[in-house]
Amino acid sequence: MDIARTPATPDGNPEMADAAPDPVDPALFRRKDYRPFPWLVPEVAMDFALGLERTDVTTVLRVARNPAAEHADTIRLNGDEIEPAGVWVDDEPASDWRMDGGDLIIPLSGDAHDIRVDTVVAPSANTKLMGLYASDGMLCTQCESEGFRRITFFPDRPDVLSTYRVRMAGPKAQFPVLLCNGNLEAEGAGEGDHHFAEWHDPWPKPSYLFALVAGQLVANSDSFTTMSGREVALNIWVRDGDLPRTGHAMESLKKSMRWDEEVFGREYDLDLFNVVAVSDFNMGAMENKGLNVFNTKYVLADEDTATDGDFDGIEGVIAHEYFHNWSGNRVTCRDWFQLSLKEGFTVLRDQLFSQDMGSAPVKRIEDVRVLRGVQFPEDSGPLAHPIRPDSYKEISNFYTSTIYNKGAEVIRMMRTMAGEQRFRQGTDLYFERHDGEAATCEDFVRAMEDGAGLDLGQFRLWYEQAGTPRVIARLEHDGTTAKVHLSQEVPATPGQPHKRPMPIPLKLALFDRDTYERGEEQLVVLDEAQKTIAFGGFAETPVLSINRGFSAPVTIAREASRDDLVFLAARDDDPFARYEALQELVVRQLKDAVEGKLDSEARDKGELAIGDALSAVLADGNLDDSMRGELLLLPSEGYIAETLAVADPARIHAERRGLRAVLGRMLEAEFVALHDRASAVPFSLDAEARGARKVKAQALVYLADGNPERSAEMAFAQYQGADNMTDRQSALMVLTGLDGVERTNALIDFYNRYQGNALVIDKWFALQASSMHPHCLEHVKALAGHRDFTLKNPNRVRSLYMAFAANPHAFHAADGEGYRMIANLILALDPINPQTASRFVPPLGRWRRIEPGRSALMREQLERLAAADLSRDTAEQVSRSLG
Ligand code: ARG
Ligand code: ZN
């Protein structure tokens, strides 16, 4: 499994992978070493003889010298765990080829050749789920980033673009549906019980966008008429029984296609768009040209089996993959260091789409919560990297929240600075200039400068420097002038000890504290270490509202009094800023409590202020329930930990639960009333009913700590009366954290009701692994032995162990048992599926920010891992985490 990266050829031959390996560490790839590939591969023809146990692949590459690259007398075709069964050059059997690691090197003397290589692969044995693999009896592929080389030998790098012609054949009964990229050109009967299909994709694409699917599938079929009047056939392919759960995905797809035309001017470019749902998948979904392959989790939904959150996830991921057709496929990446070029931009596009489909403020708050809950910790830990990394050993480890979510924030800042209209001119120019090319982040920035008229000279630092900038804001009042003093610090990150000041676009406004009137909102770009902005006309010190709409992905330290935060929490007209003031009120209280800075008087005062603020939120008739639900949500334990230099997870947990108990008791009548009111709203998928379900869950959660018996009763009644998964799951979540017969009965009922529905059984595992129950860790141990648990299915593994690793009170058990469990999982999973295994390393990598006792125990497990024989994926994450 551990096929080392190929070292540079000693004779200085320029052929190489994406970038040349480091001479001292041949497994390290560096961005600055990029060289174009010496050969162009304008056309590829492939032939697949399909079988689950054995698939025979014939590949013919038409190659020609790349005039833009150095001369080479060989061609290097990447391979991974495959062998050439035969090699031909210009129809002559070749024997002068050699292997270099996994790669095939073939001497070539002329300027253009046809190269044929045969390979044999074993899909059923492919547990890594990269390349061609079997899932539920069907065949499917995942090629991004470097999976194509597990199917055939190829220059497997994103700057080699080819048109593909693919013939696939196999037993018709077993594989009645045969799908590939592009358009279907021919199909028919083959020998015996076989049949075949021939596909042609007219759009040149890199190998990572190749896809093939064969199996017993049924389609939800529909069509879409594009802005220029072309008819596109749409199919969502699933297993037979799943067809009734594809409606939402289809609606989401059609909405995405329309939205991309209207908002970005992007039209679809083939006559066919296929989506296939597979149950074994390492990630969420994949944007293969004309043939998106999805994790079933992001396709299948109906009200009985999917929550409102699941519905949103499907809408967002369907949009994301569809949007990649332009931001990723028509314009692709030159090399994998540019990954954020397509991912950051496409995440921004899907976020804007979802904002338009539902509540924009709520979507913004949700996105910020993900960023701060996942990306900020990444950016302050040993795995911190810029959105355009400088080096990697295994690119799969760089499909991170930094590349995706911070990448989106960086482009969003450009949009904020340019305004929507000029931003659109920038993206238009980008698509026009680079259509059909493999581009770089620098290309994007330049198109933004030229198209949107921005000067992004210093802004490029956002691509170079890792770490979350910290902005310190202080308000000074003198006569009638209010001065806002701003300063910034960018923390040191691995390999980047010194940082330069970044341009930070901050939307801010000042409120008159007596009249509640707000001055005009300003966009201030803090582009120096310090800056002061003066505002006239304030007889009294105003209240500062800063980073409105979360205009920059930074942390803000503001010298605001508790009264100011209460003021903003009650009346800031920017929904994000209002949410933020409330969060800060709670974070300050919990931080002080955890650090032992609260005497009982200060504690009471703080609790009362928070209670009043929440009470106002509960009573505010101008809020819709969806926004109310956001405002009621307490900051997560992880987020609180992130605000502390060194965190004691047990204390954070105890204080947060304690505060919730106080609030639950203080506002018990209000929460019960809220639950009653919301329970009277009948089920529907409209915003009002969804909001009602959201606040219902919040009410139960507060009551679970404030009055557990009452909450258990209410939750059990909600569980039994539920006519949808959202209500059923939120009730079960609360019950799973409590003790009593209701817990046992509801868990048994849920399991029996949904036995056989893998996605819902995943929820059953995840609810128990993320529960507040004091014996959660023991529950997880027992569940690992459940007959439905398997290491072979990534969704199942994540549902048990990711949920557990994200559940601080269980994962951070004082004796280190949680750390040992995750390390054991990594060791067991790594030989089966290294990509998924390596994703469990980051939770252990937080050791530097945890109190000394636990920190040592976490480190111990990392060292135990480091001593083991690990995949390249996991080894890289472990060694960076120990750093
Ligand atoms: N490009 C895909 C997406 O963002 C992710 C594929 C990642 N695959 C991988 N093996 N790392 O939708
Ligand atoms: Zn993507």
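This briefing covers two sheets, three helix pairs, one ligand shell and two backbone details. The structure is a predicted model. One open sheet has 5 strands with mixed pairing, and another has 3 strands with antiparallel pairing. Helices α17 and α18 come within 8 Å of each other along their axes, as do α18 and α19. Ligand 1 is surrounded by 14 residues.

**Five-strand sheet**

- The strand order is β18-β19-β20-β22-β21. The sheet is open, and its pairing is mixed.
- The edges are held by β18 (218-225) and β21 (285-286). Each has a single partner strand, so one side of each is left without a neighbour in the sheet.
- β18 runs antiparallel to β19 (residues 231-238). The two are joined by 8 bridges.
- Asp222 has Leu234 in β19 as its bridge partner.

**Three-strand sheet**

- This open sheet runs in the order β29-β28-β31, with antiparallel pairing.
- β29 (522-526) and β31 (543-546) are the edge strands. Each of them pairs on one side only.
- On average, neighbouring strands here are turned by 35° against each other, direction ignored.
- Strand β28 (residues 504-511) and β31 run antiparallel and share 4 bridges.
- Opposite Ala509 stands Ser545 in β31.
- Strands of a sheet pair through backbone hydrogen bonds, in either a parallel or an antiparallel way.

**Helices α17 and α18**

- Two packed helices are described by the angle and the distance between their axes.
- Helix α17 (residues 708-721) and helix α18 (residues 725-737) have axes that come within 8 Å and cross at roughly 150°. An angle over 145 degrees counts as roughly antiparallel, so α17 is roughly antiparallel to α18.
- α17 passes α18 in a left-handed crossing.
- From α17, the contact uses Ser711, Ala712, Ala715, Phe716, Gln718 and Tyr719. From α18, it uses Asp727, Arg728, Ala731, Leu732, Val734 and Leu735.
- By class, the contact of α17 with α18 has 8 nonpolar, 2 polar and 2 charged residues.

**Helices α18 and α19**

- The axes of α18 and helix α19 (residues 741-754) cross at roughly 135° and come within 8 Å. That angle makes α18 oblique to α19.
- The crossing of these two helices, α18 and α19, is left-handed.
- Leu732, Leu735 and Thr736 of α18 make the contact with Glu742, Arg743, Ala746, Leu747 and Phe750 of α19.
- The α18 contact with α19 has 5 nonpolar, 1 polar and 2 charged residues.
- Leu732 and Leu735 of α18 serve in the contact with α17, and Leu732 and Leu735 also serve in the contact with α19.

**Helices α24 and α27**

- Helix α24 (residues 817-829) and helix α27 (residues 852-866) have axes that come within 9 Å. They cross at roughly 15°, and α24 and α27 are therefore roughly parallel to each other.
- α24 passes α27 in a right-handed crossing.
- Tyr819, Arg820, Ala823 and Ile826 are the α24 residues in this contact. They meet Leu857, Met858, Gln861, Arg864 and Leu865 in α27.
- The classes in the contact of α24 with α27 are 6 nonpolar, 1 polar and 2 charged residues.

**Ligand 1**

- Among the 14 residues around ligand 1, the closest are Glu144, Met283, Met286, Ser396 and Tyr399.
- β21 and α2 (308-323) are the elements that give two or more residues to this shell. β21 is also an edge strand of the five-strand sheet.
- The shell holds 4 nonpolar, 6 polar and 4 charged residues.

**Backbone details**

- Most residues other than glycine have a negative phi, and most peptide bonds are trans.
- The peptide bond from Glu144 to Ser145 is cis, with omega near -5°. Glu144 is also one of the closest residues to ligand 1.
- Ser145 sits in the loop between β12 (138-142) and β13 (162-171).
- Asp90 is not a glycine, yet its phi is positive, at about 50°. Asp90 lies in the loop between β6 (86-89) and β7 (92-93).

Methods
Residues are numbered from 1 along each chain as its sequence is written. Chains are lettered from A and ligands numbered from 1 in the order in which they are written. This is a predicted model: local features need pLDDT of at least 70, side-chain atom pairs count only at pLDDT 80 or more; totals for chains, interfaces and linings use all residues. Two strands pair if DSSP finds at least two bridges between them. Axes are lines fitted to C-alpha atoms, for helices over the stretch in contact, and angles run from 0 to 180 degrees between N-to-C directions. Angles under 35 degrees count as roughly parallel, over 145 as roughly antiparallel, 65 to 115 as roughly perpendicular and the rest as oblique. A crossing is left-handed if the near helix is turned anticlockwise from the far one by less than a right angle, and right-handed if clockwise. Two residues are in contact if their C-beta atoms, placed from the backbone, lie within 7 Å. Ala, Val, Leu, Ile, Met, Phe, Trp, Tyr, Cys and Pro count as nonpolar, Asp, Glu, Lys and Arg as charged, and the others, Gly among them, as polar. A residue is near a molecule or strand if its C-beta atom, placed from the backbone, lies within 6 Å of it.
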